[in-house]
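Hi,

Here is the structure I said I would pass on. Have a look at it, and then read my notes underneath.

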Amino acid sequence: MYWLVGVYKTTMRASAVERLKVLSSQFFASSSRPRIPLQQASIPIPISRPSSSRNSLTTSTKRFSGTMAPSDVKTYDYIVIGGGSGGSGTARRAAGWYGAKTLLIENGLSGGCCVNVGCVPKKITWNFAAMAEALRDSRDYGFDTPTNIPFDFAAFKKKRDSHIGGLNRAYERNWDREGIELVRGTAKFVEEKVLEVELEDGSGSVRYTAKHICIASGGFPLIPKEIPGAEFGITNEEFFDIEVLPKKIAVVGAGYIAVEIAGMLNAVGVEVHMFIRGEKFLRTFDPMVQDTMTARYEAVGVKIHKGYKGFEKVEKISDGKGDERVLKLTLQDGEELVVNELLWAIGRAPETKSLDLEVAGVKMREKGYIVADQYQNTNVEGIYALGDVTGQMELTPVAIAAGRHLSNRLFGPPELSTSYLPYENIPTVVFAHPEIGTIGLTEPQAIAKYGAPNVKTYHTKFSALFYEMSSSEEKKKNPTEFKIVCEGPEEKIVGLHLLGLGVGEMMQGFGVAVKMGARKRDFDACVAIHPTSAEEIVTMR
């Protein structure tokens, strides 16, 4: 599904030139908006600049011929394919800040994956699961909390869906306010700079062109094709359709999505079986995270099946909701497991097939990811790509930031002609149980880059004060663990890895410090806030 969208205002309150002057003055007045030092403007890089008429808001059409039948083609300054986080970010910056006449094409729900089947409903569900954990922990604080408090998951889902619906409408209001035109339909290239959109309402197709076209069509979850019956399973997208929780679920995968969903379901009492190919999950993370989190999940009851090589087949015994639905999984060694649900979390693929990128000459890698440089340029001048479709750190805030930088470069003042998103030192959090926060290099990556003699690490593991009211056994199940990875005699911090209660909020602040080039002595110089878990980050020896 495309994850970018927009709406068009037919009138503007000022001329394009006046509007740009106002927006430019606002830009330089606000310290919160990105700035590029003037001396960087002369850096020789492959950039595309818009024509002097980029802010013309007059409606125009062109006649195209050649490989396509003659037809009227509507012209814009900027076309964005996909209405998710990245596409919305770049479209709003182009139209709202710089007055570019912008078209947004979307064939799904407004807001894309993050809003509808990703970050937002995931975090709300994580909160639901965390509430279940807090109710259990309350007994350690003297509350006479019943051990099996019933809950209404369907009612929770209804409230969660209502919130998501409000976000959908908020996206659309923002696009309308920015003067973006929204077209609902599926786009494909019919010439290098000409798109044909099959309209969602079935009324036919329309063609559009622009000097600048951004592809931000997102991705989709994979289901294995080689396993008979694999289609009986669900992905993270269908997970959020569940109204009655299964009693027993199999989760296949070892990445973000698998670990997050497995942790949430286990916390609310679902019997969870994880199938992973290796011995640990989150294999791209620091070994500290892999070791501790895998052991923690096993300690709290998640059944991890290691060395997974695939199922021989998946059979649907019965359909329905919750326990009514029964699937039988047969492993390659003949072992069988009966579950109420099967969730595939084995990766995602870019949504590029329907775009006919070959017509435009856009290069792709083997799995369909679009080749884009750090400035989001493809190999075709005036065609750009960002977000999940490029495989460049598939994270919502990354796509938003990249999209805004792209519009700064294309439509902003000369001082922003080199604007781009550096893809180093980007903080991220896994909403597992407990949370994981990380930025920069893992210890093995740092050693490979700088050499073992030039890398020093600082490490601590302890029980958060919150769990001091619990038994020693419970404290062991709920570790807090931090690692700082430093490089060189100055001990510049090149990696920070946290796991434990509340580290998601901690990481945002410490991420700023790491991004600014903090050294270990800078952390040491900060007075600790006591009593907190975060104080351990600035007191490690």
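Below is what turned up, starting with helix packing and ending with the backbone. Keep in mind that this is a predicted model.

Helix packing

Let's begin with α2, which covers residues 85–98 and packs against α5, residues 153–178. Their axes come within 9 Å and cross at roughly 25°. With angles under 35 degrees counting as roughly parallel, that makes α2 roughly parallel to α5. The handedness of this crossing is left-handed. On the α2 side, the residues in contact are S85, S88, R92, A95 and G96, and α5 brings Y171, N174, W175, R177 and E178. Sorted by class, that contact has 3 nonpolar, 4 polar and 3 charged residues.

α2 also packs with α10, the helix of residues 396–411. Here the axes are 7 Å apart and the angle is about 30°. That angle falls in the under-35-degree range, so α2 and α10 are roughly parallel to each other as well. This crossing, though, is right-handed. From α2, the contact takes in S85, G86, G89, T90, R93, A94, W97 and Y98. What does α10 put in on its side? The list there is T396, A399, I400, G403, R404, L406, S407, N408 and F411. The residues of this contact divide into 7 nonpolar, 8 polar and 2 charged. If you want one residue to click on first, try S85, which is listed in the contact with α5 and again in the contact with α10.

Back to α5, which has α4 (residues 119–138) as another partner. How do the axes of α4 and α5 cross? They come within 10 Å of each other, at roughly 145°, and the crossing is right-handed. V120, P121, I124, T125 and F128 of α4 meet F153, F156, R160, H163, I164 and L167 of α5. The class count for this contact is 8 nonpolar, 2 polar and 1 charged residues.

Aromatic rings

Searching the whole structure gives 21 aromatic pairs. Some rings join up into a cluster: F128, F151, F153 and F156 are linked by ring pairs. You have met some of these names already, as F128 of α4 and F153 and F156 of α5 are in the contact between those helices.

Two lysines are also worth a look. K101 lies over the face of Y76, 4.7 Å from the ring centre. K520 does the equivalent with Y458, lying over the face of that ring at 4.4 Å from its centre.

Backbone

Most residues other than glycine have a negative phi, and most peptide bonds are trans. Which places depart from that? On the peptide side, H433 and P434 are joined by a cis bond, with omega about 5°. P434 sits in the loop between β17 (428–430) and β18 (436–440). The bond from H530 to P531 is cis too, with omega near -5°, and P531 belongs to the segment after α14 (520–525).

As for phi, look at L282: its value is positive, about 55°, although this residue is not a glycine. You will find L282 in the loop between β9 (271–275) and α8 (287–299).

That's it from me. Shout if you want to go through any of this together.

Cheers

Notes. Residues are numbered from 1 along each chain as its sequence is written. This is a predicted model: local features need pLDDT of at least 70, side-chain atom pairs count only at pLDDT 80 or more; totals for chains, interfaces and linings use all residues. Side-chain values use heavy atoms; hydrogens and water are left out. Axes are lines fitted to C-alpha atoms, for helices over the stretch in contact, and angles run from 0 to 180 degrees between N-to-C directions. Helices (H or I, at least four residues) and strands (E, at least two) are DSSP runs, numbered from the N terminus. Angles under 35 degrees count as roughly parallel, over 145 as roughly antiparallel, 65 to 115 as roughly perpendicular and the rest as oblique. A crossing is left-handed if the near helix is turned anticlockwise from the far one by less than a right angle, and right-handed if clockwise. Contact means heavy atoms within 4.5 Å. Ala, Val, Leu, Ile, Met, Phe, Trp, Tyr, Cys and Pro count as nonpolar, Asp, Glu, Lys and Arg as charged, and the others, Gly among them, as polar. Rings of Phe, Tyr and Trp (its six-membered ring) pair if their centres lie within 6.5 Å; planes under 30 degrees apart count as stacked, over 60 as edge-to-face and the rest as tilted. A charge sits over a ring if NZ of Lys or CZ of Arg is within 6 Å of the ring centre and within 35 degrees of the ring normal.
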